[in-house]
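Trainee: Before we look at this model together, could you take me through its surface and its empty spaces, one question at a time?

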Amino acid sequence: MLGKVHLLILLCTSPQVSAMGDKGTSNYSDMTDFILVGFRVRPELHILLFLLFLLVYTMILLGNVGMMVIIITDPRLNTPMYFFLGNLSFVDLFYSSVIAPKAMINFWSESKSISFAGCVTQLFLFALFIVTEGFLLAVMAYDRFIAICNPLLYTVQMSTHLCVQLVAGSYFFGCISSILQTSMTFTLSFCASRAIDHFYCDTRPLQRLSCSDLFILRMVSFTLSGLITLPTIIVIVISYLYIVSTVLKIPSTKGRQKAFSTCSSHLGVVSVLYGAIFFMYLTPDTYPELSKVASLCYTLLTPMLNPLIYSLRNKDVKEGLYKLLEKKSTIL
């Protein structure tokens, strides 16, 4: 009995175990890594792409780390809005870090390989953080709705306990979605080819390597996308319908401009992220290079733009940045 238990554990934990493929196909059982094809461009352009990735990733690091430092060090930013914004910067920083370093290494590598465990980890972490970001944006829309439509009850309704619960819930749903998506993807039976036509491990290019029937996986993925995307979009849309209705009732033009300015940054972030995601997933599989370009928008462009949008459009953040720079200059 004990021997059977050990055998079952070994089978379940082995990264090479996959669902039974069709007869006559070559299984992935004797392979230990994948190859990330990346961008199909001339080799001399790899240097240019490396420099571009390096520039964007440096801006992501500086922007998001800087945003978190400003929010933590400035007591005036100790509010629910900036608590959510700090978590958004944290998520942006980490899911771009899951993608960018490996992509930059592959520009110089001839093998362009990624281990099975590395591919699983990359897909899991990216799915976790990108779903968490979607929920955080919905939470931030709800926060703006309470702040503008019920300002007198804002501190009561958006308590510290509720804010922590909302953020924890965002990470929880991101984790559940990521576990389901990753486990179903890597229980597929892969054919002899191990070349992933992408610059990171993503579900769609991995499915193209599979010999298994993808009907169940695609149905589960479609259901998960609906359960994640629709509620978050509904919360955002309904929140802004109430916000617009309330703002239009404000008699002074200055008051309306101030109310809209607190929402414009969030709307810009939502538009960039969801626009890029919809564009990618509506792109047919017959255009993989177009999918890669669309992926760049939400893997690197969005994390780079988010801190810029919030810092340029937010007076409190700019003042916090000036104070932080003044402190550093006095120390030096």
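## Surface patch, pockets and cavities

Mentor: At 36% relative accessibility, Leu-54 counts as partly exposed, and since the model is a predicted one, that value should be taken as computed from predicted coordinates.

Trainee: Which element holds Leu-54 and gives the most to the nonpolar patch?

Mentor: The nonpolar surface patch, of about 410 Å², is made by Ile-47, Leu-51, Leu-54 and Trp-108. Leu-54 is found in helix 2, and the element with the most to give to this patch, at 3 residues, spans residues 45–73. The element asked for is helix 2.

Trainee: What volume does the largest pocket have, and which residues lie nearest its centre?

Mentor: The volume of the largest pocket is about 990 Å³. Its lining takes in 35 residues, and the elements that give two or more of them are helix 4 (116–149), helix 6 (160–185), helix 7 (203–207), helix 8 (215–248) and helix 9 (253–282). Nearest the centre of this pocket lie Ser-221, Ser-225, Thr-229, Ile-277 and Tyr-281.

Trainee: Which helix provides the largest share of the lining of the largest pocket?

Mentor: By class, the lining of the largest pocket divides into 20 nonpolar, 10 polar and 5 charged residues. When that lining is instead assigned to elements, the largest share comes to 11 residues, and the helix that supplies it is helix 8.

Trainee: How many charged residues are in the lining of the second largest pocket?

Mentor: The second largest pocket, with a volume of about 440 Å³, is lined by 18 residues, of which Met-81, Tyr-82, Thr-262, Asn-314 and Asp-316 lie nearest its centre. Helix 3 (80–108), helix 4, helix 9 and helix 11 (315–331) each supply at least two residues of this lining, and helix 9 gives the most, with 4 residues. Divided by class, the lining has 7 nonpolar residues, 5 polar residues and a charged count of 6.

Trainee: Turning to enclosed space, how many cavities of 30 Å³ or more are counted, and which helix gives the most to the lining of the largest cavity?

Mentor: The count comes to 3 cavities of 30 Å³ or more, and the largest cavity holds about 90 Å³ of space. Its lining is made by Leu-36, Val-37, Gly-38, Phe-39, His-46, Ala-103, Asn-106, Phe-107, Lys-112 and Phe-199, which by class are 6 nonpolar, 3 polar and 1 charged. The most, 3 residues, is given to this lining by helix 3.

Trainee: Which helix supplies the largest share of the lining of the second largest cavity?

Mentor: About 50 Å³ of space lies in the second largest cavity, and the residues that line it are Met-81, Phe-84, Met-140, Asp-143, Arg-144, Thr-262, His-266 and Tyr-310. Helix 3, helix 4 and helix 9 are the elements that give two or more residues to this lining, whose classes are 4 nonpolar, 2 polar and 2 charged. The largest share, 3 residues, comes from helix 4.

Trainee: Which residues nearest the centre of the second largest pocket are also found in the lining of the second largest cavity?

Mentor: The residues nearest the centre of the second largest pocket are Met-81, Tyr-82, Thr-262, Asn-314 and Asp-316. Reading these against the lining of the second largest cavity, the names found in both places are Met-81 and Thr-262.

Technical notes:
Residues numbered from 1 in each chain as written. Predicted model: local features only at pLDDT ≥ 70, side-chain atom pairs only at ≥ 80, totals over all residues. Heavy atoms only, no water. Patch = residues over 30% accessible without salt bridge, like charges linked within 9 Å, V, L, I, M, F, W, Y side chains within 5 Å. Areas by Shrake-Rupley, 256 points an atom, 1.4 Å probe, with all protein chains shown as cover. Salt bridge = Lys/Arg side-chain N within 4 Å of Asp/Glu carboxyl O. Buried < 20%, exposed > 50% of the residue type's maximum accessible area, 1.4 Å probe, protein only. 1 Å grid on protein atoms, 1.4 Å probe; cavity = no way out; pocket = protein on both sides within 12 Å on 5 of 7 lines; lining within 4 Å. Points joined across faces, edges and corners; volume = space filled by probe spheres on them. Nonpolar A, V, L, I, M, F, W, Y, C, P; charged D, E, K, R; others polar.
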